Amino acid sequence: MWKSLRSQISLYIMTIVLAVVAFVSFLANAAVNRQFEEYMINQERGQREKIVNDLENLYNGMTRSWDLEYIHAIGMYSLYDGYVLTIYDSAGKVIWDAASHDMALCKQIMSDITERMSQRNKNGFTTYSYNLMQGDRKVGTASIQAYGPYFLKENEFQFINDLSEVLLLIGLLSCAVSIFAGTILAHKIARPITKTAEIAQQISNGDYNIRLENETNTRELNMLLSSMNHMANSLSRQEQYRKQLTADVAHELRTPLAALRSHLEAMSEGLWEPTAERLNGCVEEVKRLSSLVVDLDGLAKLEQENFRLKKIEANLLEIVENVCGNFEKEADNKNISILVDGVSSNILVDRDRIIQVITNLLSNAIKYTPEGGKINVWIKDDIDRGVVMIEDNGIGISQKDLPYIFERFYRTDQSRNRKTGGAGIGLTIARSIVEAHKGKITVESNEGGSKFTVVLPKREEE
Ligand code: ADP
């Protein structure tokens, strides 16, 4: 059976507190009892010695006689205190005997003490013999019968009983406090964890709009809460991205697929002559769709949360020259000149990804520059960054389109009207890659052409 965290913690705390209270009480009790018994035994011995001492003072050495009146008084006092005396003279003759004075009282006192003490120890009355001395001379003997090794008088016994009651009360109070403290503490510890568990459940149910409690004063819990917050945000972003992407892709595919379908249907139903030109148009459309799928795949990889760059030391100038070399033929076909200028700039980048950025920018420049145009590429080497600028004198981008051209599937009206336009993903991919490098990509444009600038930090900033 699963128990709640709170009840488990309170149970642990209560058990520990109770065990500690019980252990400490046991130890304290044992120690106090031992000390108490030792003290009582000493007291007891002292009391008997005091009686003997008092008796010795009652012998008159001059008259060689005992003061019988005082002996009687001491004997009776002692009897009331629980000591049964028998006093002998030096010849062994009984001078005073408690039993013969008041047998009934003796029995009564002895049975009272025996009954009282039977709860504490099972010893009985013991007889102690003392020589009564005056200087070096033995003047008699005293036999003292007392409950051994110690006994408690009525008021002492009452005191001990009261003390036990107080201790019991303290014990019960500690139990109550431990239950109370256990519950409060368990509540305090378990509450943020329970809250976190609830939030995790909320997230797993797809509800990312979580309201996290104010910071707790536990470092680990704060870490847990902030990671959960982060997780919820990133899941929410992913979810939104997924929805948006699905909607965008559906929107992008709908029109060309519908056109393709109506063309193919018209040809298959014999309404249209399947001329090479029409078939070629269809093939072009299919090619465009295929490249869109490839671009989308690349973009999806880039926009994954765990996307990692494989950085190596690379020369920006060399990368740009290579890419420009790849476009030589394409540029020649449109009679476009590409001029590369600048200095070497060594930076730490994911080489393949940066090649992709330059390729996308250069391909756009060629695409959107009419025949006979000019493309200039500069490479700058700053202390902490490398910069590439690609400028063309093509159709340019209108001011109203400029803020959006890096967005997915965004194409300007001019490029939509032209057959050359792609799917509107190239710049989105370029921006994702540059931003993953903690760099920046910007654009300036007017009717005279466009200029894209890519700034890449040389080293990763920690
Ligand atoms: P596409 O595949 O359509 O070229 P991009 O994301 O690369 O998609 O570019 C988005 C849009 O930005 C293009 O459709 C085009 O309208 C505009 N554009 C990009 N580069 C240039 C450029 N060098 N000159 C003019 N317009 C450009």
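Start by selecting E239, which is partly exposed, with a relative accessible area of 24%. Keep in mind throughout that you're looking at a predicted model.

**Stop 1: the α6 pair**

With E239 still selected, add R242. The two form a salt bridge, and the closest N and O atoms are 3.5 Å apart. Both residues sit in helix α6, which covers residues 219–268; they're three residues apart there, so about one helical turn separates them. R242 has a relative accessible area of 48%, so this residue is partly exposed too, since that class runs between 20% and 50%.

**Stop 2: across the sequence to K458**

Next, pick K458 and D381. Their side chains meet in a salt bridge, at 2.8 Å from N to O. Where does each partner lie? K458 is in the segment after β13 (449–457), while D381 belongs to strand β10 (residues 374–381), so this pair ties together parts that are 77 residues apart in sequence. Colour the two by accessibility and you'll see them fall into separate classes: K458, at 15%, counts as buried, whereas D381, at 34%, counts as partly exposed.

**Stop 3: D382 and R385**

Step along to D382 and select R385 with it. Here's another salt bridge between side chains, this one 3.0 Å from N to O. D382 is partly exposed at 23% relative accessible area, and R385 is partly exposed at 34%.

Before you leave the charged pairs, jump back to E239 and R242 and add K243 to the selection: salt bridges with shared partners join these three into one network. How many salt bridges are there in the model? The count comes to 14. As a general reminder, side chains of opposite charge can pair when their charged atoms come close.

**Stop 4: the pocket between helices**

Now for some empty space. Show the second largest pocket, with a volume of about 540 Å³. Two elements give two or more residues to its lining: α1 (5–56) and α5 (154–204). Which of them gives the largest share? That's α5, with ten residues.

To centre your view, select S25, N29, L163, S164 and L167; of the 19 lining residues, these lie nearest the pocket's centre. Then colour the lining by residue type. You should get twelve nonpolar residues, six polar ones and one charged.

**Stop 5: a nonpolar patch on the surface**

Switch to a surface view and select Y12, I16, V20, F23, V24, F26 and L27. Together they form a nonpolar patch with about 770 Å² of accessible area. Zoom in on Y12, which is placed in helix α1. Is Y12 buried or exposed? At 53% relative accessibility, Y12 counts as exposed, because the cut-off for that class is over 50%.

**Stop 6: two loops with positive phi**

Time for some backbone. Most residues other than glycine have a negative phi, so the next two are worth a click.

Select N335 in the loop between α9 (328–333) and β8 (337–342). Its phi is near 55°, a positive value in a residue other than glycine. N335 is exposed, with a relative accessible area of 56%.

Then go to K438, in the loop between α12 (426–436) and β12 (440–446). K438 isn't a glycine either, and its phi is positive, near 65°. At 59% relative accessibility, K438 counts as exposed.

**Stop 7: far along the chain, close in space**

Finish with two C-alpha distances. Select R459 and L348: they're 111 residues apart along the chain, yet their C-alpha atoms are separated by 5.9 Å. R459 lies in the segment after β13, which is also where you met K458. R459 counts as partly exposed, at 46% relative accessibility.

For the last selection, take I312 and D350. These two are 38 residues apart along the chain, and 6.1 Å separates their C-alpha atoms. I312 is found in strand β7 (residues 312–315) and is partly exposed, with a relative accessible area of 42%.

Terms used
Residues numbered from 1 in each chain as written. Predicted model: local features only at pLDDT ≥ 70, side-chain atom pairs only at ≥ 80, totals over all residues. Heavy atoms only, no water. 1 Å grid on protein atoms, 1.4 Å probe; cavity = no way out; pocket = protein on both sides within 12 Å on 5 of 7 lines; lining within 4 Å. Points joined across faces, edges and corners; volume = space filled by probe spheres on them. Helix = DSSP H or I, 4+ residues; strand = E, 2+ residues; numbered from the N terminus. Nonpolar A, V, L, I, M, F, W, Y, C, P; charged D, E, K, R; others polar. Patch = residues over 30% accessible without salt bridge, like charges linked within 9 Å, V, L, I, M, F, W, Y side chains within 5 Å. Areas by Shrake-Rupley, 256 points an atom, 1.4 Å probe, with all protein chains shown as cover. Salt bridge = Lys/Arg side-chain N within 4 Å of Asp/Glu carboxyl O. Buried < 20%, exposed > 50% of the residue type's maximum accessible area, 1.4 Å probe, protein only.
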